[in-house]
Amino acid sequence: MHLSTRLGALALTCLLPAAVTALGQERIISITANNSASAFQIAGGPVAGGGQILVSDNDYWGVIRAAGDLAQDFGRVTGVNYTLSCGKAGAPQARYEYRGVNNLNNTHVRLAPLTPYLTLGGGG
Amino acid sequence: MAVADTCLQFTTLSPSFFAGPSYADPAPAKVVVIAGTIGKSTVIDALVAAGKLDVAATKGKWEAFTSQVVNDPVPGTARALVIAGSDARGTIFGIYDVSEQIGVSPWYFWTDTPPKVSKEHYVVAAKKVQGSPSVRYRGFFLNDEQPALTGWVS
């Protein structure tokens, strides 16, 4: 992921004038307990050795992927990666089925009803 | 068949697979975040059915989510931040909302934005409800022309 510095700087200037603030969204997470007895610590303290994120393995694959990203993101800020669990011991690695478009013969196409597999390429 | 009902169709290859994240064995005492989609995720549906999670403001919406601190959400877990999305993207937005708030920018990948390091993080509000985006379809364009990304792609 080595983008040109110029592109990075440009995107930052245009899109993120205020660094990592949550663009107008409500914040519920803080790096201090804010003197609140009900604050719930999700990093450091009792989970200093790394926490766990729980999902169901029947959820959408994008959700499971994002939860896996969050486990790593905790590592990026705390130094300890979190683990991801689906609540089952010995669960195999998440695996997703997809069907690629057959582009072996691009000279012949046919008209057919809309299908969820339709892909129209863009730009370039 | 009317023209509007037809379009170019490509035949598809036989099913292929790609790998997602690895699952660790359950460690309920260490669980701090539970995430899932209403009507799709077993663990989220069980929390709703048990009355521990109120998703009335989120269920059935477009790309919405509720994040709530729940006591005793699953056996062995004393407390967790539960993220319940109305659909796949709602849940994903709820998950990445936590990423962003702990210090990992949405631009971590595309602009190499460094994470903000902090070993301690607290959820300081009991609940957050985020509604549907005010613009239904959004996107951003990555300039794939020369000289922007061409060299990077190759």
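**View 1. Chain B is built from three helices and seven strands.** Helices (H or I, at least four residues) and strands (E, at least two) are DSSP runs, numbered from the N terminus. Starting at the N terminus, the elements of chain B follow one another as β-β-β-α-β-β-α-β-β-α. This is a predicted model, where local features need pLDDT of at least 70, side-chain atom pairs count only at pLDDT 80 or more, and totals for chains, interfaces and linings use all residues. Residues are numbered from 1 along each chain as its sequence is written, while chains are lettered from A and ligands numbered from 1 in the order in which they are written. The average pLDDT of chain B (the predictor's confidence in each residue, from 0 to 100) is 89, and 90% of the residues score at least 70. For the complex, the predictor gives an ipTM of 0.87 and a pTM of 0.78.

**View 2. Chain A contains two helices and six strands.** Follow the sequence of chain A and you meet the pattern α-β-β-β-α-β-β-β. Of its 124 residues, 26% are buried, meaning that 20 or more other C-beta atoms, placed from the backbone, lie within 10 Å of the residue's own. In chain B, 36% of the 154 residues count as buried.

**View 3. Strands from chain A and chain B share an open sheet of six strands.** The order is 4(A)-3(A)-3(B)-5(B)-4(B)-7(B), with mixed pairing; two strands pair if DSSP finds at least two bridges between them. Strand 4 (83-85) of chain A and strand 7 (127-130) of chain B are the edges, each with a single partner strand, so one side of each has no neighbour in the sheet. On average, neighbouring strands of this sheet are turned by 20° against each other, direction ignored.

**View 4. Strand 3 (residues 52-54) of chain A runs parallel to strand 4 of chain A.** Three bridges join these two strands. Look for A:Ile53, which stands opposite A:Leu84 in strand 4 of chain A.

**View 5. Helix 2 (residues 61-78) of chain A packs on the sheet.** This helix touches strand 3 and strand 4 of chain A, together with strand 3 (31-37) of chain B. Contact here means C-beta atoms, placed from the backbone, within 7 Å. The direction of helix 2 makes about 160° with that of strand 3 of chain B. Axes are lines fitted to C-alpha atoms, for helices over the stretch in contact, and angles run from 0 to 180 degrees between N-to-C directions.

How values were computed: Buried ≥ 20, exposed ≤ 12 C-beta atoms within 10 Å, placed from the backbone. Contact = placed C-beta atoms within 7 Å.
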